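Student: I'd like a close look at one part of this structure, the strand pairing and what sits around it. Could you walk me through it in one go?

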Amino acid sequence: MIPDYFRQDIASTVTIPGDGVSAAGTSAAQAMASVVHALRNKDGLTVTASATTPVPIEARGQWLMVQSAGSTGTPKTIRRRPNSWITSFEVTRDHFGVSATASYAVLGAVEHSLTLYGAMEALHMGSDLAVLTGLRPRAQISAMRDVGVQVVYATPTQLRLLVDAGTKPVGSVRWVFCGGGKLDALTSAQLRDLFPNAALHEFFGASETSFMTISDTETPIGTVGRAYPGVDLRVLDRHGVDTKVVGEIWVKSPYLFDSYVNGSSPETRWQNGYLSIGEMGQLDDGGYLRVLGRKNRMVTVADHNVFPEVIEAQMRTLPNVGKCAAIPVRDATKGHVIIGIVEGPQNTELAQGIVNACRAALGPYATPRRILFVDDLPMLSAGKPDLIGLENMLEQLA
């Protein structure tokens, strides 16, 4: 039976090498102290970008409040029951074989739900935990090697920074769980060199849904894997009928959130126990899911539906493209056009390569009209591009 409360196993040792080294590391140490205190007292916990504060226990039991990434709008605070995460902790143990003796590492800010999830899984299972927030990628790798880390939870952006650090392999790592975006093929291949003994599990989900799909060694390129254990996945057309072409993704599982505490989203809808957050995709005959992107990001270019997320994934296939984004801007003739934004120095040859690659793979309508290079691509604490900030930047340049 799944317990009603998170627990903080006294066998867990928490290491935070960035504490006192950087502001982010010190903040992470303070946040983790609040998390541990709340778990030991069976308190509820609110974790947002502005505060990490235990909240009083409610009559119906312990609750967890976490904040969504907010890449396309104001971040929302969601409420979930402990067993919605604890159930997937059990999957990590029973399905993937991660035991309490395996030490964990998380890399990002504790207020990011993926970082918090990895930390709380370690604490609940009684595993040692290294919180590597606030360290440079090379120092994060060094800390993993020193601690003997075996389990890593990270976003694609965090993993790209690790492989770019160019250090020796870390042989202790056995499991890498990647979420929060699509991992490009080049980084995936480089991770095999950095973590030669690790199984890479890329999953797709959201703050509201937690796990939806997870990849395996047979996962076709361009898909995000099959339904995570315990997940019932459907893709429905606009009439609510299962479809093999593009439709809206609906999910039923024990991992779903309960409600929004602050904020709301018109894309988040419930129907007969299934939840949709407005993601569009396609299921193939093998049950593998191809995700196109959020319905609210889809735009029309010359009357053709275009998903910026697909363009961003294609941009990242080029070896010299790291942080990037595809931003739609209104156009009097075509409705919208796409502007590609890449972090790095001006590079005319790379810009033309991006345009050529997008045109060949996606067609003319999903090809950026132009490519802009910026010194620093604005990012959120969740490791995703700040799309609102980028849209505002383009408006100022117009």
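Tutor: Let's start with one residue pair: M280 stands opposite G293 in β19. Keep in mind that this is a predicted model. The pair belongs to two strands, β18 (residues 279-283) and β19 (residues 289-294), which run antiparallel and are joined by 5 bridges. In general, strands of a sheet pair through backbone hydrogen bonds, and they can do that either parallel or antiparallel. The hairpin of β18 and β19 has 5 residues between the strands, and in this hairpin G287 takes a positive phi near 85°.

Now for a parallel case. Strand β23 (residues 335-343) runs parallel to β24, and 5 bridges join them. Here you can pick out I341, which stands opposite L372 in β24. These two strands sit in an open sheet of 3 strands, ordered β22-β23-β24, and its pairing is mixed. On the edges you'll find β22 (324-331) and β24 (370-374), each of which pairs on one side only. From one strand to the next, the twist averages 30°.

That sheet has helices against it, too. Helix α7 (residues 308-315) lies across β22 and β23, and runs at about 140° to β22. Helix α9 (residues 387-397) packs on the sheet as well, touching β22, β23 and β24, with its direction at about 50° to that of β22.

For a helix-on-helix contact to set beside this, go to α1 (residues 23-40) and α3 (residues 113-125). Their axes come within 12 Å and cross at roughly 45°, and α1 and α3 are therefore oblique to each other. The crossing of α1 past α3 is right-handed. On the α1 side the contact is made by M32, V35, V36 and L39, and on the α3 side by L116, A119, M120 and L123. Sort the residues of this contact by type and you get 8 nonpolar, no polar and no charged.

Charged side chains do turn up elsewhere, with 11 salt bridges in the structure. Side chains of opposite charge can pair when their charged atoms come close. One such link is between the side chains of D216 and R226, at 3.3 Å from N to O. This pair links distant parts of the chain, 10 residues apart: D216 is in the loop between β11 (210-214) and β12 (226-227), while R226 is in strand β12 itself.

Terms used:
Residues are numbered from 1 along each chain as its sequence is written. This is a predicted model: local features need pLDDT of at least 70, side-chain atom pairs count only at pLDDT 80 or more; totals for chains, interfaces and linings use all residues. Side-chain values use heavy atoms; hydrogens and water are left out. Axes are lines fitted to C-alpha atoms, for helices over the stretch in contact, and angles run from 0 to 180 degrees between N-to-C directions. Helices (H or I, at least four residues) and strands (E, at least two) are DSSP runs, numbered from the N terminus. Angles under 35 degrees count as roughly parallel, over 145 as roughly antiparallel, 65 to 115 as roughly perpendicular and the rest as oblique. A crossing is left-handed if the near helix is turned anticlockwise from the far one by less than a right angle, and right-handed if clockwise. Contact means heavy atoms within 4.5 Å. Ala, Val, Leu, Ile, Met, Phe, Trp, Tyr, Cys and Pro count as nonpolar, Asp, Glu, Lys and Arg as charged, and the others, Gly among them, as polar. Two strands pair if DSSP finds at least two bridges between them. A salt bridge is a side-chain nitrogen of Lys or Arg within 4 Å of a carboxyl oxygen of Asp or Glu.
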